[in-house]
Amino acid sequence: MKFVSIVIGSKSDYEVMKSCSDTLEAFGVSYEMIISSAHRSPERTKEYIEKAEKKGAQVFIAAAGMAAHLAGVLSSKTVKPIIGVPMSGSALSGIDALLSTVQMPAGMPVATVAIGKAGAINSAYLAMQILALDNEELAIKLKEDRIAKAKKVEMDSMEIETILS
């Protein structure tokens, strides 16, 4: 069974990353979420990646804050796509996590999204776009979602224009 694997560095990341899992659920995309730390449980992280790949993980999403090496560790252990979600919560409001996630050495790619909730949601969308490369049903759902978003902008615009006139 194909699914998206969400790995969060600590329990404190769950509330933000729930936005990711909620987005996947809304599109009917299978996922699993675990807590595993690049620094505090490196062996667990390594073992999980191997098990997840055998079970059918197609894309990994890694959410971590501060030093944020989780996405890089995942990238070093698999050739599946990795999406990094930098988490805020440090004195630097996630800028440290963003830089740690995005600054990967050549050959160890991590697609990096925005810090926090917007990044969590976008990581789900990016994972689904990757899955949609060979899943026409999911591709159609994503296109319909884009159309609905565009229509909402048009409706909001007409509403504001009415108020202003």
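**Entry 1: the sheet**

I started with the strands and found an open sheet of 5 strands in the order E2-E1-E3-E4-E5, with parallel pairing. A reminder to myself: this is a predicted model. I then asked which strands stand at the edges. They are E2 and E5 (111-112), and each has a single partner strand, so one side of each is left without a neighbour in the sheet. I also noted a textbook point: strands of a sheet pair through backbone hydrogen bonds, either parallel or antiparallel.

**Entry 2: strand E1 and its partners**

Next I picked E1, which covers residues 3-8. How many bridges join E1 to E3? I found 6, and E3 (residues 57-65) runs parallel to E1. Looking along this pair, I saw that the bridge partner of isoleucine 6 is isoleucine 61. Valine 7 stands opposite alanine 62, also in E3.

Then I turned to E2 (residues 31-35), which pairs with E1 in the parallel sense over 5 bridges. Here I looked up serine 5, and glutamate 32 stands opposite it in E2. I followed the chain between these two strands: it leaves E1, passes through helix H1 (residues 14-26) and arrives at E2, making a right-handed β-α-β crossover.

**Entry 3: is E1 buried or exposed?**

I checked the cover over E1, and 6 of its 6 residues are buried. In a regular strand the side chains alternate between the two faces of the sheet. I therefore looked at each face of E1 in turn: Phe3, Ser5 and Val7 are buried on one side, and Val4, Ile6 and Ile8 are buried on the other.

**Entry 4: the nonpolar cores**

In soluble globular proteins, nonpolar side chains tend to be buried together. With that in mind I looked for cores. The largest nonpolar core has 25 residues, and Met17 and Ile61 have the most contacts inside it. Which elements supply at least two residues each? I listed E1, H1, E3, strand E4 (82-87), helix H5 (117-131) and helix H6 (136-164). The biggest giver is H5, with 6 residues.

There is also a second, separate core of 18 residues, and Val7, Ile34, Ala62 and Ile82 are among them. I was pleased to meet Val7 and Ala62 again, the pair that stand opposite each other in E1 and E3.

**Entry 5: two residues up close**

I wanted to see what methionine 17 touches. Leaving out neighbours within four places in sequence, methionine 17 is in contact with Ile6, Ile8, Met33, Ile61, Ala63, Val85, Met87, Ala120 and Ser123.

From that list I chose alanine 120, which sits in helix H5. Its relative accessible area is 0%, so alanine 120 counts as buried. Not counting residues up to four places away in sequence, alanine 120 touches Val16, Met17, Ser19, Cys20 and Val85. I also took one distance: the C-alpha atoms of alanine 120 and isoleucine 83 are separated by 9.8 Å, and the two residues are 37 apart along the chain.

**Entry 6: salt bridges**

How many salt bridges does the structure hold? I found 6, and I wrote up three of these.

The side chains of lysine 2 and aspartate 134 meet at 3.2 Å, N to O. Lysine 2 is in the segment before E1 and aspartate 134 is in the loop between H5 and H6, so this pair ties together parts that are 132 residues apart in sequence. Aspartate 134 has 58% relative accessibility, so I marked it as exposed.

Glutamate 32, the residue I met opposite serine 5, forms a salt bridge with lysine 55 at 2.9 Å, N to O. Glutamate 32 lies in E2 and lysine 55 in helix H2 (residues 42-55), so the pair links parts that are 23 residues apart in sequence. At 46% relative accessibility, lysine 55 counts as partly exposed.

Glutamate 137 and lysine 141 meet at 3.9 Å, N to O. Both are in helix H6, and because they are 4 residues apart, about one helical turn separates them. Glutamate 137 is exposed at 56% relative accessibility, while lysine 141 is partly exposed at 32%.

**Entry 7: the record**

Last, I looked at the UniProt record, an unreviewed entry that lists residues 2-153 as "domain: PurE". In the model that span is 50% helix and 18% strand, and its end C-alpha atoms lie 33 Å apart.

Note on methods: Residues numbered from 1 in each chain as written. Predicted model: local features only at pLDDT ≥ 70, side-chain atom pairs only at ≥ 80, totals over all residues. Heavy atoms only, no water. Buried < 20%, exposed > 50% of the residue type's maximum accessible area, 1.4 Å probe, protein only. Pairing = 2+ DSSP bridges. Right-handed = clockwise from strand over helix to strand, strands pointing away. Core = buried A, V, L, I, M, F, W, Y, C linked by side-chain atoms within 4.5 Å. Contact = heavy atoms within 4.5 Å. Salt bridge = Lys/Arg side-chain N within 4 Å of Asp/Glu carboxyl O. UniProt positions renumbered as here; feature names shortened; annotations may be inferred.
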